[in-house]
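Please walk through the model below, beginning with a helix and moving on to a modified residue, the strands and the internal space.

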Amino acid sequence: MNTHYEALFAVPSTNTNPYSKLQTRTSLLGEKYSKVLVANRSEIAIRVFRTAHELSMHTVAVYSHEDRLSMHRQKADESYPIGRIGQYTPVGSYLAIDEIIDIAKRTGANLIHPGYGFLSENAEFAQKVTDAGIAFVGPPANIIDSLGDKTKARTIAMRCGVPVVPGTPGPVDNYEDAEAFVKEHGFPVIIKAAMGGGGRGMRVVRSQADLKESFERARSEALSSFGDGTVFIERFLDRPKHIEVQLLADKYGNVVHLHERDCSVQRRHQKVVEIAPAKDLDPKIRQSLYDDAIKIAKEVKYCNAGTAEFLIDQEGRHYFIEINPRIQVEHTITEEITGVDIVSAQLHIAAGFSLPQIGLTQDQISTRGFAIQCRVTTEDPDKGFVPDIGKIEVYRTAGGNGVRLDGANGFAGSVITPHYDSMLVKCTCRDSSYEFTRRKMIRSLIEFRVRGVKTNINFVLRLLSHETFIRGNCWTTFIDDTPELFKLYRSRNRAQKLLAYLGDLAVNGSSIKGQNGDPALKTDVVMPKLLGPNGESIDVYQPSEKGWRNLLLEKGPEAFAKAVRHHKPGLIMDTTWRDAHQSLLATRVRTIDLVNIAPLTSHALANAYSLEMWGGATFDVSMRFLYECPWERLRRLRKLVPNIPFQMLLRGANGLCYSSLPDNVIYFFCEQAKKNGIDIFRVFDSLNDINNLALGIDAAKKAGGVVEATMCYSGDMLKKKKYNLDYYMGFIEQLVKLGIHVLGIKDMAGVLKPKAAHILIGAIREKYPELPIHVHSHDSAGTAVASMTAALHAGADVVDVATDSMSGLTSQPSMGAVLASVDGTDRQLEFDNNQLREIDNYWGQMRLLYSPFEAEIKGADSDVYNHEIPGGQLTNLKFQATSLGLGAQWFETKKAYVEANNLLGDIIKVTPTSKVVGDLAQFMVQNKLSAKDVEERAASLEFPASVLDFFQGLMGQPYGGFPEPLRTHVLKGRRQPMSDRPGKFLPPADFDAIRKLLSEKYGEVTDADVASYTQFPGVFEDHRQFVDRYGDLTNIPTRFFLSRPQMNEEMHVEIEKGKTLIIKFVALGPLNSRTGQREVYFELNGENRHVTIEDKKAATETVTRARADLSNPGHVAAPMSGTIVEIRVKEGSEAKKGDIVAVLSAMKMEIVISAPHSGVVKQLMMQQGDSVNGGDLCAVLEKPDK
């Protein structure tokens, strides 16, 4: 007796379970057999306990230290550890024969059930159990010895006249014997462990080169799994079916079969899916299997449950493999089709009952319908089925008629360890036909929700839906032979990912760039109601059928443009969905808030020329900061507003970017934009470079869109000599020659005065009476309403406005004000003011909801006529200045903007050239540089990357040329100047290669994804990584997206039509000082959930950086504050003067840090991702001669 157990067994038995009396009546097996110990773990132990309790038996569990929290311990009436802590390995505990028998004796168990695996086929164990006076629930030791050893079983089969696969006559002890067999019979062969099963100790060998290693590996695996390294070798059959026959035999010579199971679906010889009975098996072959199985069982005087296994080749010949002298994992499907409880039969047989006594004669055993079992395992199919470990966070299973689950450690909070088999639960489904059963299994697996560990569910679903499985024609290597099975269905895991985001928000606050505080709107948004002219309610659930897009779709761009031109009343484009919120709210308005108002917009603005949808900022910011797909936004809004044309901005040859792209990228992008819902392409170039424009115009035209070629307006036409009426009229003439549909005029700074509008539009209308004109401006100076009114009266067809709550200041002029200004004239706009006010009430709430992004510009700024900062840039520039520590120097920044513009040659200022001016202005302010300083020190200054791009010519050629000698000095030793369109020299993008790359990374990708990647590769990848981590957050109400969840406040998130998650933030756990993490607790649809979140504040360390000594020529300093995004050198490497040491990013501005002289990098004082301030020491250079 092991003294370890003395204290355990000394505890008096005091069963206080109120239900115990229901299960402690006399055992149905008799008093002699009233208590069973299961020498196993997990699912099979629980399976035996359940039947034992139904037989009014008492149950005993044993467990390893690693299994001390396992469910099987709790399901038994008594449970005891095997050995002391550390005495046995996790597997070794369940192989500890003497310990287990000792526990059985001490607890008074009179039966031991071995389950499957571990000791179930160990003859020594069976014998010792019997010698201890305890009934072994299985065949006697001598039968296990004769059949458990597969080589002996083969001999018995041949003696009975049962066909076997050619193989070695006995165990193979050495490699030389294996080699001799192969020389005689050839390849392929299969090496098998003589003892045990489950695919362990098996190797298929197809060539001489693999024979030796496979032989050694099989022996080693057999030894570690079964304690016996004996193997034998058989000829391997290609594509056979694996059929097994379930047997039951008693001590009195009675043997019956419970029909067959098809176990052909295997991976590495381990069964994955089992079917009973075998589908479409030839009745003659089926009967031969039954006869041969019973013949062998009777030959050896078999007793208890066992399984005779056969292979059937493609010619219909069957071969005996082995008899497994134990219960099988897949016994459940046999129970389902026959109604026979195999475990109950095992216990009865062990207790001395005969098969007739328990009603099991062959004539009484029949089948009904089909059953399929799938093994749900914690394995990751994406990584070669490597077992996954960790804590189960969510566990929701299937159920319903004909669904059976056999599991153990499947519950929320369960920890999956690496010590044991990866099976989580067996799901068994039964129905009247094979197809109904297959469908029921698919439904059941889809119902499963397992989070926290990977599972094979998506792989099994793929397998169940494969045509070969549907036909029932699988073979043993079907999985290995069918690579398309690994094109898995992807579980979106939406709820848990959403909780991870909300948990991070609760712990760390919002990560949205530019957010300052929480939304001012603390309640749900009140949705407006639209009334018709007679006060009737408008059904906004159906989009309006009226709109300009109908004409466009029916008759095409030319007819559309002609109709616009001949439409007497004025038309508008509403910029609320893009430029208005870009100008006022840093482009942070989310898709959900556009989707909510879209159905009403379809009706209220049905007469609009267009709705502005996209521009460069809107497109990449939606991915970069809002974590949304811009294409999905477009598609959703297109569906809700099918009647109004959508317009986008295209930066000519730059697409949506700040510099040129390969030409084919522009054509491809325009094609995708048109397919997904864009109608009008407003094509412009920030320098009015006709060559860049021509490419964009051609791409939009070939895509089938309306081409609105746009001239950028800059400065005061009434005073400026450079950009005067003659310049603009000459440029428009070039555009008209390109065959455009509409002329756009883009006044991004809002400096088009009413008088200038009257003159310019009047001149264009006089020269081009059939050309539609569309005017865009900003209300920075407060004069845009007057200017747009003047434009309409001078002959413009369309002007841009924004809903009142989103208008004015740096945005577009007020829609209501422009309507009032032309009211009663021949240019009167055709809208219902009451409906527009309802729409505006919604956007008034949006201003409160997005208050954290307000630029805090309180009124008009007529100084714009001097500094000419574009409206869309003004708010961003002010925000950038504040972020760079220049907020108090805003006046100096505006002044520097004027100086920077003059240094650059007084250029057209539209994104991205306006950004160049802004970057240079901030660079000058931060480094206290005057215009003269810049000119004199240009060769040595570390200019922002955008400034270098401009001077190189990557943005095009400015009107009047580049300023010299400044350009030469800026580029000297850094870049080569360009004099032609940059895109001409770029190699075409390889879309197939990009699609392949993205598919390998992210699975299924669309052409739209490829189009995104070609323009914003880094942004696209960051966005996909974010979505992989947190899921699609598009439908989270904005209030909850931006601010920490409030305790016990319910939030409703509709993740798809008709499917809503109800989430409540319950508690925030304390900081774990060791891990720096917190547990965050929620209720999700009434169920408790939790997520573990890193507390980023707790992990923050204060870093004090050395400052560069500007008098030391070896010190390389950061030119301004920002983040190090790239390091180009290493310590010890040589750097030549002008070589890039690192790249620094500040907001959207990138600046290179280059070597001030040639030398060796002695020390790097920074790492990628570090935040630095201007003047911080980044590196130390040493001259080579030192």
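In this predicted model, helix α36 is largely enclosed by the rest of the structure, because 14 of its 14 residues are buried. Buried here means under 20% relative accessible area. The helix covers residues 913–926, and its length can be checked: at 1.5 Å a residue it should span 20 Å, and its end C-alpha atoms are 20 Å apart, which agrees. Just after α36, K928 takes a positive phi of about 55°.

A second buried site is K746. An unreviewed UniProt entry lists K746 as a modified residue, N6-carboxylysine; the annotation may be inferred rather than shown by experiment. In the model K746 is found in strand β28, which covers residues 742–746. Its relative accessibility is 3%, so K746 counts as buried.

The strands come next. Strands of a sheet pair through backbone hydrogen bonds, either parallel or antiparallel. Strand β33 (residues 1077–1084) has antiparallel pairings with β32 and with β34. With β32 (residues 1059–1068) there are 5 bridges, and one of the pairs joins L1068 to V1080 of β33. With β34 (residues 1087–1094) there are 8 bridges, and E1079 has T1092 of β34 as its bridge partner. What do β33 and β34 form? They make a hairpin with 2 residues between the strands, and in the turn N1085 has a positive phi of about 50°.

Further along the chain, 4 strands form an open antiparallel sheet in the order β35-β42-β40-β37. Its edges are β35 (1115–1117) and β37 (1134–1135), each of which pairs on one side only. Within this sheet, β40 (residues 1159–1164) and β42 (residues 1177–1182) are joined in the antiparallel sense by 4 bridges. V1160 has E1182 of β42 as its bridge partner.

The last topic is internal space. Rolling a probe the size of a water molecule over the atoms shows where empty space is left. How many cavities of 30 Å³ or more does the structure hold? There are 6 cavities of that volume or above, and the largest contains about 50 Å³ of space. The lining of the largest cavity is made up of 14 residues, with P114, V137, G138, P325 and R326 lying nearest its centre. By class, that lining has 7 nonpolar, 6 polar and 1 charged residues.

Key. Residues numbered from 1 in each chain as written. Predicted model: local features only at pLDDT ≥ 70, side-chain atom pairs only at ≥ 80, totals over all residues. Heavy atoms only, no water. Pairing = 2+ DSSP bridges. 1 Å grid on protein atoms, 1.4 Å probe; cavity = no way out; pocket = protein on both sides within 12 Å on 5 of 7 lines; lining within 4 Å. Points joined across faces, edges and corners; volume = space filled by probe spheres on them. Nonpolar A, V, L, I, M, F, W, Y, C, P; charged D, E, K, R; others polar. Expected span 1.5 Å × (residues − 1). Buried < 20%, exposed > 50% of the residue type's maximum accessible area, 1.4 Å probe, protein only.
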